[in-house]
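This is a short walk through some side-chain arrangements in a protein model. Please open the sequence and the structure together before reading on.

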Amino acid sequence: MFWNKTNGDREKKLFKVNIGWNNLAPKLAKQKGFLDAKKHGIGSDNETRQSLADSVAWVKKSEWHDTTDGFDYFQAAKRVDWPPTWHFTGSNDKVLGHASDVNIFINESNPQAKFTLLSKSLGNMQNYDHINILTHPNARIDHYPQLVKWLKSH
């Protein structure tokens with residue numbers, strides 16, 4: 001199950017990704033030589049200028065070519081015999097891992113992949129977001145056991 005982005009979701013993406021990540025973050029990274037994401041409260045990990053440049057290029061383009069060597073990841077992904085994969089996102093992840101974007105990624109890379117939207121309305125303990133899908137105390141008893149069982153079966 002996935003849904004279309006609302007106007008509010010588009011506005012959040014415009015601010016967080018287009019303005020913040022794609023424009024402001026590289027300027028901040030240039031000042032220090034890296035993006036101090038933790039200090040600025042815009043991420044859980046700091047980013048090198050190169051990893052930031054790579055992620056900005058990936059977010060902006062539908063067919064990603066490496067910013068350093070030009071490698072065409074989009075075409076290469078089509079030739080990979082992908083292992084079983086299971087993609088999770090949370091119903092409160094309105095921008096960075098929005099369900100519609102995750103499904104687009106699955107269709108572009110591994111259409112046989114499994115997808116799960118974690119939300120209270122679908123039986124989960126939380127309406128997870130981009131970070132707490134991994135860090136919320138309930139994750140270890142909510143979706144982690146299912147993932148562990150799935151990993152052991154593959």
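The model is a predicted one. A convenient place to start is Lys114, whose charged end sits over the ring of Trp86, 3.8 Å from the ring centre. That separation falls inside the 6 Å limit applied to NZ of Lys.

Trp86 also takes part in ring pairing: together with Phe88 and Trp150 it forms a cluster linked by ring pairs. In total, the structure holds three aromatic pairs. For Phe71 and Tyr73, the ring centres are 4.8 Å apart and the planes stand at 75 degrees, so this pair is edge-to-face. The label follows because planes over 60 degrees apart count as edge-to-face, once the centres lie within 6.5 Å.

How accessible are Phe71 and Tyr73? Phe71 has a relative accessible area of 40% and is partly exposed. Tyr73, with a relative accessibility of 35%, also counts as partly exposed. Both classes follow because partly exposed covers the range between under 20% and over 50%.

From Lys114 one can also move on to the loops, since strand S4 spans 114-118. Between strand S4 and helix H6 (132-135) runs a loop, and Asn124 lies in it. Is Asn124 buried or exposed? Asn124 is buried, at a relative accessible area of 11%. Setting aside neighbours within four places in sequence, Asn124 is in contact with Leu117, Leu118, Ser119 and Asp142. With Asp142 there is also a polar contact, made between the two side chains at 3.3 Å.

Conventions
Residues are numbered from 1 along each chain as its sequence is written. This is a predicted model: local features need pLDDT of at least 70, side-chain atom pairs count only at pLDDT 80 or more; totals for chains, interfaces and linings use all residues. Side-chain values use heavy atoms; hydrogens and water are left out. Rings of Phe, Tyr and Trp (its six-membered ring) pair if their centres lie within 6.5 Å; planes under 30 degrees apart count as stacked, over 60 as edge-to-face and the rest as tilted. Buried means under 20% relative accessible area, exposed over 50%, partly exposed in between (1.4 Å probe, protein chains only). A charge sits over a ring if NZ of Lys or CZ of Arg is within 6 Å of the ring centre and within 35 degrees of the ring normal. Helices (H or I, at least four residues) and strands (E, at least two) are DSSP runs, numbered from the N terminus. A polar contact is a pair of N or O atoms within 3.5 Å; within protein, one must be able to donate a hydrogen and the other to accept it, and residues adjacent in sequence count only if both atoms are side-chain atoms. Contact means heavy atoms within 4.5 Å.
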